[in-house]
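The following questions and answers concern a two-chain protein model. Each answer works towards the value or name requested.

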Amino acid sequence: MLDTVRSVTTPELIEVQLHPAGLLPRSLAWLVDAGIRLGIIIMASQILLILGNFGQGILLLLYFGLEWFYPVLFEVLGSGASPGKRALGLTVVNADGTPVGWGPSLTRNLLRTADFLPFLYAIGIISILFDKEFRRLGDIVGGTLVIYRDPTGKLPAIAQLDPIAPNLPLDRATQRALVAYAERAALLTTARLEELASLVPHLARSESGPQGMARLIGLANYLIGRRT
Amino acid sequence: MKQELFEQLHNAEWKLFETWLATSPTRKKRKKDAPPPPPSFPAAELPHRYRMLCQHLALARDRDYSLALVAYLHRLVQAGHDRLYGVPAGFAMRALRYAAGGFAADVRANRWWVLAATLLLFGPALLMMVAIRYQPDLAYLVVSPEQVAHFEAMYNHTGDTIVAREASTDVAMFGFYIFNNVSISFRCFAGGITAGLMSAFALIFNGLLFGVVESRLALAGLGHNFYSFVIGHAGFELGAITLSGAAGLRLGMAVVVPGRRTRREALRETASSLIGMVCGLAAMLVIAALIEAFWSPLRLDYTLKLIVGSILCLMPIAYFIFAGRDHGA
């Protein structure tokens with residue numbers, strides 16, 4: 001399979017699909033996080049270094065905390081994503097799709113040391129490139145996945161048109177394609193919609209242009225159960 | 001049933017679930033001025049409503065309802081799944097229970113690994129201590145002459161003041177010890193994934209270094225200063241380094257000999273049984289850093305420091321032998 005979807009069956013016997021995220025978005029997320037951490041350190045050092053030795057000690061503690069526990073705290077308490085991951089719509093979950101807990105999160109972040117070797121995450125990058133689900137060593141050992149999570153799914157709305165009963169039997173795939181076409185109508189330009197309609201003359205009844213498009217949406221209206 | 005009717009029948013339930021997800025916070029909000037709006041249904045109804053959604057998703061998939069509807073229900077199910085199977089509460093309680101005995105039980109369960117790490121750390125140390133007393137130049141195999149001079153200067157103080165340095169320096173050193181030692185131990189554990197080689201190297205190198213420092217200072221006649229400084233935190237610090245080495249070695253063994261599991265599965269299981277111990281040893285290093293920064297530099301009477309130091313040194317050993325015998329019973 002070329003698709004990078006991992007299907008997980010929950011205890012309710014429903015399949016949940018996880019979409020693992022690849023190297024590029026993860027690298028970008030890391031860069032964002034690195035920038036945030038650097039910013040915190042620079043700002044804190046401006047204040048703390050005035051305090052002399054005492055401030056230096058606090059600064060080292062802060063640096064230590066940011067280096068090891070910054071991702072862990074965000075992953076466990078911030079619903080699975082550090083600010084960088086959030087910016088790119090990524091989330092860390094267990095391999096079975098459940099939110100990540102303290103143990104796995106700590107493991108995957110401690111193993112960053114191993115992934116970082118010999119320089120700049122070389123081993124981690126190789127591991128991500130070779131793994132089917134884009135996991136670095138820390139993910140493998142911690143049993144975690146970095147996935148896309150899109151929280152903006154809206155209930156679909158199909159434009160109200162007079163429903164048209166199909167004049168020939170339609171198989172399941174065709175029905176599904178028709179409804180998907182009508183659902184996405186709002187996202188596509190009229191020219192593109194008409195072009196798509198002209199690709200299925202047997203459904204559009206060779207009606208070209210706006211009529212073909214309207215006929216397809218009318219069919220979709222019929223298929224989802226609208227009747228005049 | 002057609003999709004349109006299906007949506008009309010259940011739309012209200014889905015919307016209710018959606019608003020519940022948006023309004024009911026995962027944990028207590030910090031803001032005090034604005035009380036959160038009451039959730040659209042009591043939390044006790046979550047499992048029931050979530051299973052209902054699962055059923056709707058299954059129906060939508062089976063009846064070939066549109067992709068967007070399936071995606072919408074899938075998102076709701078996923079969010080409900082996250083809420084239902086989220087992080088278990090009571091983190092502080094679990095940590096406390098672990099400290100009260102689980103940690104010691106874990107260490108005893110891994111005693112052969114701890115023994116192996118102990119040999120790798122203290123074997124080279126003892127070897128160096130004996131060897132350098134006969135041939136002091138052997139020290140330069142491990143460290144440079146400048147470093148030896150630096151060590152000797154560090155412990156070469158005369159006992160005229162009680163405190164070795166200002167209080168603010170203590171805090172600076174505390175930060176440094178935490179940063180340095182805990183990072184080393186974390187790396188020692190994570191490095192175990194290289195078939196245990198990096199962990200073994202860290203143990204042997206630190207053992208050799210310790211042996212060199214001890215024997216060169218003893219030869220330079222600074223033994224008293226050295227022992228009175230290190231004995232207080234030695235138990236916690238060396239114990240924690242040994243444990244991190246043991247954890248690393250065991251992780252490495254999961255790579256080399258995974259047994260009747262895939263390597264990934266072996267690594268995952270081993271790591272999840274070790275992560276508690278790694279947290280425990282990090283806590284030990286924090287205690288060690290406290291002692292090292294605030295007690296060890298005090299220049300008190302040599303016998304007093306030895307007595308208190310020995311007690312501190314024996315504390316972790318006693319803990320590992322006696323604590324948590326009934327843990328998990």
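Relative accessible area is classed here as buried when under 20%, exposed when over 50%, and partly exposed in between. The model is predicted.

Q: Is Asp82(B) buried, partly exposed or exposed?
A: The relative accessible area of Asp82(B) is 21%. The buried class requires a value under 20%, and the exposed class a value over 50%. Asp82(B) is therefore classed as partly exposed.

Q: Which residue of chain A meets Asp82(B) in a salt bridge?
A: The N to O distance in this pair is 2.3 Å, and the cut-off for a salt bridge is 4 Å. The pair crosses between chains, with Asp82(B) in helix α3 of chain B and its partner in the loop between β4 (144–148) and α8 (172–183) of chain A. That partner counts as buried because its relative accessibility is 19%. The residue is Arg149(A).

Q: How many salt bridges does the rule find across the interface of chain B and chain A?
A: A search of the whole structure, over all chains, gives 17 salt bridges. The pair of Arg149(A) and Asp82(B) crosses between the chains. Across the interface of chain B and chain A, the rule finds 5.

Q: What area do chain B and chain A bury between them?
A: The size of an interface is often given as the accessible area lost when the parts come together. In this model, 58 residues of chain B are in contact with 61 residues of chain A. Carbon and sulfur atoms account for 67% of the buried area. The area buried between the two chains is about 5,100 Å².

Q: Which helix gives the most to the side of chain B that touches chain A?
A: There are 17 residue pairs in polar contact between chain B and chain A, with both residues at pLDDT 80 or more. On the side of chain B that touches chain A, at least two residues each come from α1 (3–23), α2 (46–62), α3 (67–84), α7 (167–190) and α10 (263–294) of chain B. The greatest contribution is 15 residues, and it comes from α7(B).

Q: How many charged residues are on the side of chain B that touches chain A?
A: By class, this side of chain B has 32 nonpolar residues and 11 polar residues. The number of charged residues is 15.

Q: Which residue meets Arg26(A) in a salt bridge, with an N to O distance of 2.8 Å?
A: Arg26(A) lies in helix α1 (residues 23–48) of chain A, and its partner lies in helix α7 (residues 137–142) of chain A, 113 residues apart. Arg26(A) is classed as buried because its relative accessible area is 10%. The partner also has a value under the 20% cut-off, namely 0%, and so counts as buried. The partner is Asp139(A).

Q: Where is Arg136(A), and is it buried or exposed?
A: Arg136(A) is in the loop between α6 (122–130) and α7 of chain A. Its C-alpha atom is separated by 9.7 Å from that of Leu23(A), 113 residues apart along the chain. Beyond four places in sequence, Arg136(A) touches residues including Arg26(A), Arg108(A) and Asp115(A). With a relative accessibility of 4%, Arg136(A) counts as buried.

Q: Which residues does Ser82(A) touch, not counting residues up to four places away in sequence?
A: Ser82(A) is found in the loop between α2 (53–77) and α3 (83–87) of chain A. The residue counts as buried because its relative accessibility is 1%. Its contacts are Asp33(A), Tyr70(A) and Phe74(A).

Q: Which residue meets Arg261(B) in a salt bridge?
A: The N to O distance of the pair is 2.7 Å. Arg261(B) has a relative accessible area of 35% and is therefore partly exposed. Its partner, at 33% relative accessibility, also counts as partly exposed. The partner is Glu269(B).

Q: What distance separates the C-alpha centres of domain 1 of chain B and domain 2 of chain B?
A: Chain B is divided into domain 1 (3–84) and domain 2 (91–322). Chain A likewise has an assignment, with domain 1 (6–148) and domain 2 (154–228), and 44 Å separate the centres of those two domains of chain A. For the two domains of chain B, the C-alpha centres lie apart by 51 Å.

Methods
Residues are numbered from 1 along each chain as its sequence is written. Chains are lettered from A and ligands numbered from 1 in the order in which they are written. This is a predicted model: local features need pLDDT of at least 70, side-chain atom pairs count only at pLDDT 80 or more; totals for chains, interfaces and linings use all residues. Side-chain values use heavy atoms; hydrogens and water are left out. Contact means heavy atoms within 4.5 Å. Buried area is the accessible area (1.4 Å probe) that two parts lose on being put together, summed over both. A salt bridge is a side-chain nitrogen of Lys or Arg within 4 Å of a carboxyl oxygen of Asp or Glu. A polar contact is a pair of N or O atoms within 3.5 Å; within protein, one must be able to donate a hydrogen and the other to accept it, and residues adjacent in sequence count only if both atoms are side-chain atoms. Helices (H or I, at least four residues) and strands (E, at least two) are DSSP runs, numbered from the N terminus. Ala, Val, Leu, Ile, Met, Phe, Trp, Tyr, Cys and Pro count as nonpolar, Asp, Glu, Lys and Arg as charged, and the others, Gly among them, as polar. Domain bounds come from an automatic or database domain assignment. Buried means under 20% relative accessible area, exposed over 50%, partly exposed in between (1.4 Å probe, protein chains only).
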